[in-house]
Amino acid sequence: MGYYANADDRREGGLFPAYGPIDSLLSFVVFYVFVDRATPTVVEVFTDIAGVSASAVEFATAAFLWFILVVTLVDIVRRQFAAVGMGSQNSVEQVTRQRGVPSTTRMLVYAAVVVVGGVVASLTFERAVDAGITMFRIVGTLDVAAFDVVSFVVMVLFFVSFGAATRALDRLVIGVVRAVVAG
């Protein structure tokens, strides 16, 4: 049984569309690229250590990606339903705690975070992917000597800047759409 929020709360808050779809989809795309590039290393590690066939590892990786995509899409749809007041009480209450249309100052801050975070993420992307692939190899072979602190820090910097940029982009775009819908 669904829970429906008060219609006045929805109109006043301007909560549709819900935040999150842009952030979720961009995060999935980066996750997909990372897994795609890491798959040969993962196959190599699992075939060497566990004796599993390469096709089985590749199938498991593909199935895992499809699972993550489905979960991401279901979560996006769930949030959008909650934004219009349909869904579980917890989902609707979570969406109604969010702000409606962001202020101009907040939108400018989001834009600045998108630019700065996007530049840092784009500059650190390749090295972060390489560091992540190296981490798979380190874990699989237990070769601690191959651990590079600088590459690890760059990887963390990438994920922090990418996360900040995609969240800010999501807030910026959804905020503009909410402003247009609220009219």
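These exercises work through helix α6 and its surroundings in a predicted model.

**Exercise 1. Check whether the end-to-end distance of α6 agrees or disagrees with its number of residues.**

Solution.
- Helix α6 covers residues 149-182.
- It has 34 residues, and at 1.5 Å a residue the expected span is 50 Å.
- The end C-alpha atoms lie 48 Å apart, so the two values agree.

**Exercise 2. Describe what is found at the start of α6 and just after it.**

Solution.
- Begin at the start of the helix. A side-chain oxygen of D148 comes within 3.3 Å of the backbone nitrogen of V150.
- V150 itself belongs to α6.
- Now go past the other end. Just after α6, G183 has a positive phi of about 65°.

**Exercise 3. Classify V150, V156 and V160 as buried, partly exposed or exposed.**

Solution.
- Take the cut-offs: under 20% relative accessible area is buried, over 50% is exposed, and partly exposed lies in between.
- V150 has 47%, so it is partly exposed.
- V156, in α6, has 38%, so it is partly exposed too.
- V160, in α6 as well, reaches 53%, so it counts as exposed.

**Exercise 4. Which residues make the nonpolar surface patch of about 610 Å²?**

Solution.
- The valines are V144, V149, V153, V156 and V160.
- The phenylalanines are F147 and F152.

**Exercise 5. How far apart in space are V150 and A131, and V160 and V120?**

Solution.
- V150 and A131 are 19 residues apart along the chain, and their C-alpha atoms are separated by 9.3 Å.
- V160 and V120 are 40 residues apart in sequence, with a C-alpha to C-alpha distance of 9.5 Å.

Terms used
Residues are numbered from 1 along each chain as its sequence is written. This is a predicted model: local features need pLDDT of at least 70, side-chain atom pairs count only at pLDDT 80 or more; totals for chains, interfaces and linings use all residues. Side-chain values use heavy atoms; hydrogens and water are left out. Patches are made of residues with over 30% relative accessible area and no salt bridge: like charges are joined within 9 Å, nonpolar side chains (Val, Leu, Ile, Met, Phe, Trp, Tyr) within 5 Å. Accessible areas come from the Shrake-Rupley method with a 1.4 Å probe; for residues, only the protein chains shown count as cover. A salt bridge is a side-chain nitrogen of Lys or Arg within 4 Å of a carboxyl oxygen of Asp or Glu. Helices (H or I, at least four residues) and strands (E, at least two) are DSSP runs, numbered from the N terminus. Buried means under 20% relative accessible area, exposed over 50%, partly exposed in between (1.4 Å probe, protein chains only). The expected span of a helix is 1.5 Å times one less than its number of residues. A polar contact is a pair of N or O atoms within 3.5 Å; within protein, one must be able to donate a hydrogen and the other to accept it, and residues adjacent in sequence count only if both atoms are side-chain atoms.
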